[in-house]
Amino acid sequence: MEINTTTTVLITIASVGTLGTFVYLVSTVRSLKDRLETLALEMVDFHTYVDNREVEQARDHDRFSDDVDIRFDRVHRKVKKNQEEVYHNLERLENKLPEKIRKVIGHIEFARPIDNTK
């Protein structure tokens with residue numbers, strides 16, 4: 001009977017050791033599973049953050065681009081308006097220049113001396 005009792009004790013000790021090892025492994029797996037779930041949630045949060053930053057950057061870029069386009073359009077319109085005024089004034093001057101030259105030449109040819117002391 002002693003052999004049976006010794007064998008039973010050894011089997012019980014081995015079973016308790018194996019059971020303890022399984023309990024440790026199960027708790028380790030659960031801990032790893034919890035850590036993995038936490039990392040997955042953190043990764044989702046990080047992707048959400050990155051996506052939101054991309055959207056913000058795209059909006060900022062679009063606003064800036066629109067602002068630059070508006071400013072360039074304003075400058076272009078002002079330059080075009082000034083250019084049209086300059087061309088209009090130049091054309092008016094070209095049309096009036098021959099007449100003014102004739103008047104000046106006429107005044108020079110038929111001018112009396114300003115000095116009427118004679």
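The questions and answers below go through the fold, the salt bridges and the surface patches of a predicted model.

The model is predicted, with local features needing pLDDT of at least 70 and side-chain atom pairs counting only at pLDDT 80 or more, while totals for chains, interfaces and linings use all residues. Residues are numbered from 1 along each chain as its sequence is written, and side-chain values use heavy atoms, with hydrogens and water left out.

Me: How many helices and how many strands does the protein have?
Reply: Helices (H or I, at least four residues) and strands (E, at least two) are taken as DSSP runs, numbered from the N terminus. Helix α1 covers residues 2–109. The secondary structure comes to one helix and zero strands.

Me: What percentage of the 118 residues in the protein is buried?
Reply: A residue is called buried under 20% relative accessible area, exposed over 50%, and partly exposed in between (1.4 Å probe, protein chains only). The protein exposes about 11,700 Å², of which carbon and sulfur atoms supply 62%, the areas coming from the Shrake-Rupley method with a 1.4 Å probe and, for residues, only the protein chains shown counting as cover. Of the 118 residues, the buried share is 0%.

Me: Which residue forms a salt bridge with Arg53?
Reply: Side chains of opposite charge can pair when their charged atoms come close. A salt bridge here is a side-chain nitrogen of Lys or Arg within 4 Å of a carboxyl oxygen of Asp or Glu, and by this rule the count is five. The partner of Arg53 lies three residues away in helix α1, about one turn of the helix, and the closest N and O atoms are 2.8 Å apart, the partner being Glu56.

Me: Is Arg63, the salt-bridge partner of Asp60, buried or exposed?
Reply: Asp60 and Arg63 are separated by about one helical turn, because they stand three residues apart in helix α1, and their closest N and O atoms are 3.1 Å apart. Asp60 is partly exposed at 39% relative accessible area. Arg63, at 55% relative accessibility, counts as exposed.

Me: What is the N to O distance in the salt bridge of Lys103 and Glu99?
Reply: Lys103 and Glu99 both lie in helix α1, four residues apart, about one turn of the helix. Glu99 counts as partly exposed, at 43% relative accessibility. Their side chains meet in a salt bridge with an N to O distance of 3.6 Å.

Me: What is the area of the nonpolar surface patch that Leu93 helps to make?
Reply: Patches are made of residues with over 30% relative accessible area and no salt bridge, with like charges joined within 9 Å and nonpolar side chains (Val, Leu, Ile, Met, Phe, Trp, Tyr) within 5 Å. Leu93 is partly exposed, with a relative accessible area of 47%. Together with Val86, Tyr87, Leu90, Leu97, Ile101 and Ile105, Leu93 makes a nonpolar patch of about 650 Å².
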